[in-house]
Amino acid sequence: MNTNEQQELAYAYEGPPALHAHIGQVMAYLGYSGGHEPRPLGAAVTLQAAGTQQRLDVTFYQQGQEWHTHAYILAGADLKQTSKELLLHWYDRCFGQGQRNPWGTLMGVRPTKLVHHLRDQGLSAPAIEETLVRHYHVTPAIAQELLAMTALQRPFIERPRREAALYIGIPYCPSHCLYCSFPSRLCQTETAAGLLAFAAAVEEDIRDIDSLCRQYGLRVTSAYIGGGTPTCLPKDALARILQAVAVSFPDLSEWTVEAGRPDTADVATLALLREYGVDRISVNPQTMQQRLLDLLGRRHSVADVYTMYENCRRLGFSVVNMDFIAGLPGQTAADMQENMEIVCQLHPENVTIHTLALKKKAPLFHHPLRQAIPPAGEVAASLSRSRQLLAQAGYIPYYMYRQKYMAASFANIGYALPQTESQYNIQMMEERQTILAAGPGSTTKFLASDGHSLEKVYMPKDPDTYRQLLAQRMAQRRRICAMIYGGDDT
Ligand code: SF4
């Protein structure tokens, strides 16, 4: 069984829900995926009580054949460790010790968080590497990469407790891209008055955060306006939100706006961002071949990307980020190579490489073009080549995250030229700082005094529901803020 075949197979699990995530990690290490995507079943795992013991069953399926076995786990044994060892042992007996997931059993969305915890405990770099390799079955190369990335991140996450970041979510887009599952509304289906009323609600939300900061002595040092596509808002609505941020938080050390779609960011919009003090911008081509942009419903041209990039440079944004996606339907290794050659030539300060994670809510999920998604092995080769080209051009990987439905060995990685890292991206990913969030679908995360646990406040995703429930959610946010940072809640 080769790796590609493994990545196409699913596993099924029946047993205590509390152990599902653990079994999922072990199965992912063996190359089986969970999630909603219909894939052929490669393995079925059952865990059930048998008197005082637990009975673990597994059936592996391959090419019309089945291999089944089971064992009893004694009461008092470490259920997680024993079930993991049994599944690995049975897999080896069935298939031999083939090529496994280089991430081992480290299958969470934020693999660097574990490494930071180990660093907090005072473990040396060699001790952490050994833990990752021996205990989590991570390859030495990935362990070293995690160590290097977390070393770079340490100064960003070791910050005073009352420093915070601001996130603002704008769930509007100019059209739905085929691969995207984000629940955005289309700007052009709204009235100008409706969008202005939406902006007024976000402004109220931002001002409420400002008053919390004043009351509890919180200092917002970075802001990020994302979405969706914030720049698709009419200029008066966008200006209202920008002004609220600029007035409430005049001492930001970085302020980013995601202007993902080049068809939404003309010179006047970019100039508006600069006027209020935005200094970082994301220009997201995703890929630089017109045939693919057209297939994906991006509704902009390759030329639009160049024009927007030049405009950003002319207007003096200090950091430009460009997002690309590997594994888009119809995309070839040559396309990704071309993307990287273009980006290395333009030389933006930041580059983010995502891997397509097909989600049930994305139009692509039910679209015939999903058949054109390139095989995992081809995507892996493209990612590795991209990494090589970016490294030669001076980019360093500085943050990463993985996604639930992502093929087992992939990660999304943010690269930066030295000294241009986004502190917001690091803090948001590592969850070591309070993130105050406004706008539909945003989540405020208060970092508790233990430095690890989070208290969250969710804003409704739908803009109308958001406006209806805003007062209630702001009250909830005030209560939790009072609980975390003390003071009285009046
Ligand atoms: S990829 Fe960006 S622009 Fe396209 S639908 Fe998703 S959020 Fe909107």
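**Figure 1. The annotated segment, residues 158-399, in the predicted model.** Over residues 158-399 of this predicted model, helix accounts for 41% of the chain and strand for 21%. The C-alpha atoms at the two ends of this segment are 16 Å apart. The unreviewed UniProt entry annotates residues 158-399 as "domain: Radical SAM core". The domain assignment divides the protein chain into domain 1 (1-100), domain 2 (103-158) and domain 3 (159-438). Between the C-alpha centres of domain 1 and domain 3 there is a separation of 37 Å.

**Figure 2. Residues around the ligand.** The ligand is surrounded by C173, S175, H176, C177, Y179, C180, G228, T229, R261 and R298. By class, the shell consists of four nonpolar, four polar and two charged residues. One of the surrounding residues, G228, is joined to G227 by a cis peptide bond, with omega at about 15 degrees. G228 belongs to the loop between β8 and α8 (235-248). As a general point, most peptide bonds are trans.

**Figure 3. Stacked tyrosine rings involving Y167.** The whole structure contains 12 aromatic pairs. One aromatic pair is formed by Y167 and Y224, which are stacked with 6.1 Å centre to centre and 20 degrees between the planes. Because Y167 lies in strand β5 (residues 163-170) and Y224 in strand β8 (residues 219-227), the pair ties together parts that are 57 residues apart in sequence. Y167 counts as buried, with a relative accessibility of 18%, and Y224 counts as buried at 12%. Y167 also forms a stacked aromatic pair with Y424, at 6.4 Å centre to centre and with 20 degrees between the planes. This second pair links distant parts of the chain, with Y167 in strand β5 and Y424 in helix α14, 257 residues apart. The relative accessibility of Y424 is 4%, so Y424 counts as buried.

**Figure 4. Helix α14 and the residue just after the helix.** Helix α14 spans residues 423-430 and is mostly covered, with seven of its eight residues buried. The buried residues of α14 are Q423, Y424, N425, I426, Q427, M429 and E430. Among them, Y424 has a relative accessibility of 4%. Just after α14, E431 adopts a positive phi of about 55 degrees.

**Figure 5. Further aromatic contacts: a ring cluster and two arginines over rings.** A cluster is formed by Y32, F60, W67, Y91 and F95, which are linked by ring pairs. Elsewhere in the chain, R274 places its charged end over the ring of F317, at 5.4 Å from the ring centre. The ring of F365 has the charged end of R370 over it, 4.9 Å from the ring centre.

**Figure 6. Residue A50 in strand β2.** Strand β2 comprises residues 41-50 and includes A50. With a relative accessible area of 30%, A50 is partly exposed. A50 and I73 are 23 residues apart along the chain, and their C-alpha atoms are separated by 9.3 Å.

**Figure 7. Positive phi at Q63 and Q286.** In general, most residues other than glycine have a negative phi. Q63 has a positive phi, near 45 degrees, and is located in the loop between β3 (53-62) and β4 (65-73). Q63 is exposed, because its relative accessible area is 71% and the cut-off for exposed residues is over 50%. Q286 also has a positive phi, near 70 degrees, and is placed in strand β10 (residues 280-286). Q286 is buried, because its relative accessible area is 9% and the cut-off for buried residues is under 20%.

Conventions: Residues are numbered from 1 along each chain as its sequence is written. This is a predicted model: local features need pLDDT of at least 70, side-chain atom pairs count only at pLDDT 80 or more; totals for chains, interfaces and linings use all residues. Side-chain values use heavy atoms; hydrogens and water are left out. Buried means under 20% relative accessible area, exposed over 50%, partly exposed in between (1.4 Å probe, protein chains only). Helices (H or I, at least four residues) and strands (E, at least two) are DSSP runs, numbered from the N terminus. Rings of Phe, Tyr and Trp (its six-membered ring) pair if their centres lie within 6.5 Å; planes under 30 degrees apart count as stacked, over 60 as edge-to-face and the rest as tilted. A charge sits over a ring if NZ of Lys or CZ of Arg is within 6 Å of the ring centre and within 35 degrees of the ring normal. A residue is near a molecule or strand if one of its heavy atoms lies within 4 Å of it. Ala, Val, Leu, Ile, Met, Phe, Trp, Tyr, Cys and Pro count as nonpolar, Asp, Glu, Lys and Arg as charged, and the others, Gly among them, as polar. Domain bounds come from an automatic or database domain assignment. UniProt positions are given in the numbering used here, feature names are shortened, and annotations may be inferred rather than shown by experiment.
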